[in-house]
Amino acid sequence: MRVLSFDIEDWFHILEHEPTADVRAWPRFESRVRRGTERILEALARHDQRATFFCLGWVAERCPAVVRAIDDAGHEVGTHSYAHEMVHQLTPAAFEADLARSIGILCDLTGKPVTSYRAPGFSITSRTPWAFDSLVRAGIETDASLFPTWRMHGGFRGAMRRPGWIETPSGRLREFPMSLSSVADLPVAGGGYFRLFPSRLIHTLMRREPYVMTYFHPRDFDAGQPTIPGLSPLRCLRSYVGVPGGFAKFERMLRAFDFVDVREAVRRIDWSRAPTMRRRAGRIGWEVIPASPDARRGLRLAATG
Ligand SMILES: [Zn+2]
């Protein structure tokens, strides 16, 4: 099973960078998200593929046409928060307010409930167990925020690496973690690694996995975007490596594989055989309760069904 997803935000929505951090400064920057998203939608139409678009509430407010175009084309609209703040830097109350604001804006635009969420920077970590509970209470049914190893802005070491359940005091949440290649333990199906590695290598690594979660941003393919001032050489490399050839590489991937959006992935998985992640007794750390032995086979079967 291969899931296609995008985080719909602009070129200046990068994390932990003081010159672009203040939401009040964002209206001063040139907006490129509308054209970037339209280009992605055109490619998906050419290749008859469906995706989930995790949209920033702030972008939806400024460019409602972007969200309407995504919805009109039959793709899923999920939320990527309102103001792109990292979950582990927010209080539970601030997180819930930001989440509710983004859901309200997106619901108003599409007339549909918003049931899928991805945190900015995959920033739900083992230190923010309350976030899952907040998501369930806000009506979110599916989360895609876990990055199951160390990461610059987040990461949840020891988290499950396949779709499964997360237990919260308010009920269960379906989780679609970011997928890591079992060869390199890297997220080759998204972001910087996708732009850095050659298509052949990425496709070979993707074919090995029963579960692939992709993630892209419009800026991954936007060679005309301004350069963000003040980035370190490493962050410059991570932000801009491979951008000029990124869109052609993305289209090669669409030609090579069939993808589904999160909604369809939920339908295809046999959830009775999925693993469950929950806090340990005594609330120290987390544990993943494995699925039945044939769960992995079930995922494979579902991927071909
Ligand atoms: Zn983001």
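This dialogue considers the cavities and one helix pair of a predicted model.

User: How many cavities of 30 Å³ or more does a search of the whole structure find?

Analyst: A cavity is a set of points where a 1.4 Å probe fits but cannot get out. In this structure, the search finds two cavities of 30 Å³ or more. The largest holds about 60 Å³ of space, and the second largest about 30 Å³.

User: Which residues line the largest cavity, and how do they divide by character?

Analyst: Its lining consists of Ser179, Leu180, Ser181, Pro187, Val188, Ala189, Leu205, Met206, Glu209, Tyr211 and Val212. Eight of these residues are nonpolar, two are polar and one is charged.

User: Which residues line the second largest cavity?

Analyst: Ser81, Glu85, Val87, Leu90, Phe95, Asp98, Tyr117 and Pro120 form that lining. They divide into five nonpolar residues, one polar and two charged.

User: How should the packing of two helices be read, and at what angle do H4 and H5 pack?

Analyst: Two packed helices are described by the angle between their axes and by the distance between those axes. Here helix H4, residues 92-110, packs with helix H5, residues 130-137, at an angle of about 35°, and the axes lie 10 Å apart. The crossing of H4 over H5 is right-handed.

User: Which residues make the contact between H4 and H5?

Analyst: H4 contributes Pro92, Phe95, Glu96 and Leu99, while H5 contributes Trp130, Ala131, Ser134, Leu135 and Arg137. Of the residues in this contact, six are nonpolar, one is polar and two are charged. Phe95 of H4 takes part in this contact and is also among the residues lining the second largest cavity.

Note on methods: Residues numbered from 1 in each chain as written. Predicted model: local features only at pLDDT ≥ 70, side-chain atom pairs only at ≥ 80, totals over all residues. Heavy atoms only, no water. 1 Å grid on protein atoms, 1.4 Å probe; cavity = no way out; pocket = protein on both sides within 12 Å on 5 of 7 lines; lining within 4 Å. Points joined across faces, edges and corners; volume = space filled by probe spheres on them. Nonpolar A, V, L, I, M, F, W, Y, C, P; charged D, E, K, R; others polar. Axes fitted to C-alpha atoms, helices over the stretch in contact; angles between N-to-C directions. Helix = DSSP H or I, 4+ residues; strand = E, 2+ residues; numbered from the N terminus. Left-handed = near helix turned anticlockwise from the far one by under 90°. Contact = heavy atoms within 4.5 Å.
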